[in-house]
Each structure stands twice: as C-alpha cells, then as structure tokens.
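Visitor: Could you walk me through this structure, one question at a time?

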Amino acid sequence: MAALSQADLANLNATMESRTPHELLTWAKATFGSRVAVLSALQQAGCTVCHMVSTAKVGLDVIFVDTGVLFQETLATRDKVASQYGLNVITLGPDMSMEEQTEKFGVLYLTPDGQTKCCEMRKSAPLQKIKGRYDALIGSLRRGDGERRSKVPILAVDPKLNCLRVNILATFTDQQLADYIREHRVITNPLHKQGYATIGCNRCTTPVLPDEPKRAGRWRHLGPWAMYCGINPTDLDRGTEAAIDLPKELIDRILGRKVDYAI
Ligand code: SF4
C-alpha cells in the first residue's frame, strides 16, 4: 500500500477540468473496474449521474443512505431510478431507528451539537459498512451549488472511507444541469417542484423562497451555521494533507504514471 494525498492529485485535477462528465465516468470505470460505485442521495444532480451511468452502460452500483427519516418522495425516487434505469441501488441505514435513538439520546437534531451527532450516526456511520469494498465513489457535487462547494475538486481523497471521490459534475453549471434534465427527461424527486432546492431528512429540510440560497432549507431551525451533514469530505476543510492508502499500482494508474514493472 502507498499513500495518496490531496496534494498528489493537484496536477491530475488540473487536467481533468476540461473533461466532460461522460469522459470522467469512463475514466473512473477504466481505472477502478468493479471497485467503483456511485454514491447518491438522489437529488437532481444525483439522478442525473444515475441517468449518465445507465446510458453509458458502465454497470455501476448506486449506494444510497436511508436515514430512516427520509421523505416518501425520496424513497419513491430511489425505486423509480432503480427500476427505470436498470441500476442496482444498495440501500444502507443506521443501526438504530429514530425512535430508539431518541429514547437513548433525546431529540438530537434540535441543537447544533446534536445535529452533528445525529448526522454522524444516521448518515456517515452507515457508509462505513462499505469501507474497503470500493476504491472510488462517484458523487454529484457541483461548484454551481455555491457555498463550500464552489471550489469542489473533481478528485478528492476521502480518508474516512479510504477511497477517492470522483465528482463528475463538478464543473457542470446550473444551466447545463437544467438542460440535461429537460433534454433527457431525467427522473427527479417531485419535492424539487414544491420548492425544495435540496432534500435531506424530513426532520431537517424545508422548501426555500426564490431569493434564498439553495441550502437555506437545510437545518433552518438551527440557523446558518448548520449547512452540511459531513457525509462529503470536501464539505469539511481537511486541506491538502488529507491522504488515503491504496495499492501502489492503483495509485500509478490513477496518476497516469507509466511504470515498467519488469525492471
Ligand atoms: S439531517 Fe437531521 S434527522 Fe437527518 S441525520 Fe442529520 S440531524 Fe438527523
């Protein structure tokens, strides 16, 4: 095994900037084979990635975290994407039901510290169940989402899952996303049409007004300091020192190093 840091990815990330989502998708499949999957909450951009995966016929599984308190519309969207796009959606969930958690810890999501703990238990911890199964996860974070995502890199290390995150839509603008969804009649969560710009748990998500930031509807009851759940490492500032451990030959393949192993 060898270390791959965020700093090591700088040059490769620069060359990835001009690649289309489809090219990034096929690069990921060619590089990681069966050890890459999609990670999605099946919001607009996530459903778009699923459509791209389906039409590219790259045969990737989709990892979906059901916190146990998602909207019915979100679960219906997951089922529709799976059946109509012919994708294998693997649903992960927390060990405790929300009722069990509340009995043990109280209503966590009503305070900033509690929200961090609740999101950790219900969103991030379930993902640990696939740790070691994949070397890369394809996400749908976009710079057009603004805030902390305004500079999201295409490739990012995820030390908690020890894998690479591949944000194939990082450079996709709001207009490109809207055009793609319209042209391809992408399945989307019907809640988007009811004013939900982004969609998470039913306890912590509200619609937004037209002049509000997209994420204003997330943890609105906690104020503007609660914006992200922590499931995406690039939403947290880990800097260029963050690193993962992967087989040396895989790192060479990722970085495009030509190595003569016969020497
Ligand atoms: S979004 Fe709210 S309910 Fe969902 S895991 Fe986070 S704090 Fe808990």
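The questions below go from the whole protein to its strands, its cores, the ligand shell and one loop residue.

Guide: This is a predicted model, in which local features need pLDDT of at least 70 and side-chain atom pairs count only at pLDDT 80 or more, while totals for chains, interfaces and linings use all residues. Residues are numbered from 1 along each chain as its sequence is written.

Visitor: How many helices and strands does the protein have?
Guide: Helices (H or I, at least four residues) and strands (E, at least two) are taken as DSSP runs, numbered from the N terminus. Counted in this way, the protein has eight helices and eight strands.

Visitor: What is the radius of gyration of the protein?
Guide: The radius is taken over C-alpha atoms, and the globule rule is 2.2 Å times the number of residues to the power 0.38. For 263 residues that rule gives 18 Å, and the value for the protein is close to it, so the protein is as compact as a globular protein of that length; its radius of gyration is 18 Å.

Visitor: Are the residues of strand β5 buried or exposed?
Guide: A residue is buried if 20 or more other C-beta atoms lie within 10 Å of its own, exposed if 12 or fewer, and partly exposed in between, with C-beta atoms placed from the backbone. In a regular strand the side chains alternate between the two faces of the sheet. In β5 (residues 136-139), Ala-136 and Ile-138 lie on one side and Leu-137 and Gly-139 on the other, and all of them are buried.

Visitor: Which strand does β5 join over four bridges?
Guide: Two strands pair if DSSP finds at least two bridges between them. Three bridges join β5 to the parallel strand β2 (residues 36-39), where Val-38 stands opposite Ile-138. On the other pairing, Leu-137 of β5 stands opposite Arg-165, and the strand joined in parallel over four bridges is β7 (residues 163-167).

Visitor: Which element gives the largest share of the largest nonpolar core?
Guide: A nonpolar core is a set of buried Ala, Val, Leu, Ile, Met, Phe, Trp, Tyr and Cys residues joined through C-beta atoms within 7 Å. The largest one has 48 residues, and Val-38 and Ile-138 are among those that touch the most other members. Elements that give two or more residues to this core include β2, β5 and β7, while the largest share, six residues, comes from α3.

Visitor: How many residues surround the ligand?
Guide: A residue counts as near the ligand if its C-beta atom, placed from the backbone, lies within 6 Å of it. The closest are Tyr-109, Cys-118, Cys-119, Cys-201 and Cys-204, and the number of residues around the ligand is 13.

Visitor: Why does Val-208 count as partly exposed?
Guide: Val-208 is placed in the loop between α7 (174-184) and β8. Counting as contacts those residues whose C-beta atoms, placed from the backbone, lie within 7 Å, and leaving out residues up to four places away in sequence, Val-208 touches Gly-195, Ala-197, Lys-214, Ala-216 and Gly-217. Gly-195 is 13 residues from Val-208 in sequence, yet the two are 5.8 Å apart in space, C-alpha to C-alpha. Val-208 counts as partly exposed because its C-beta neighbours inside 10 Å number 18.

Methods
Contact = placed C-beta atoms within 7 Å.
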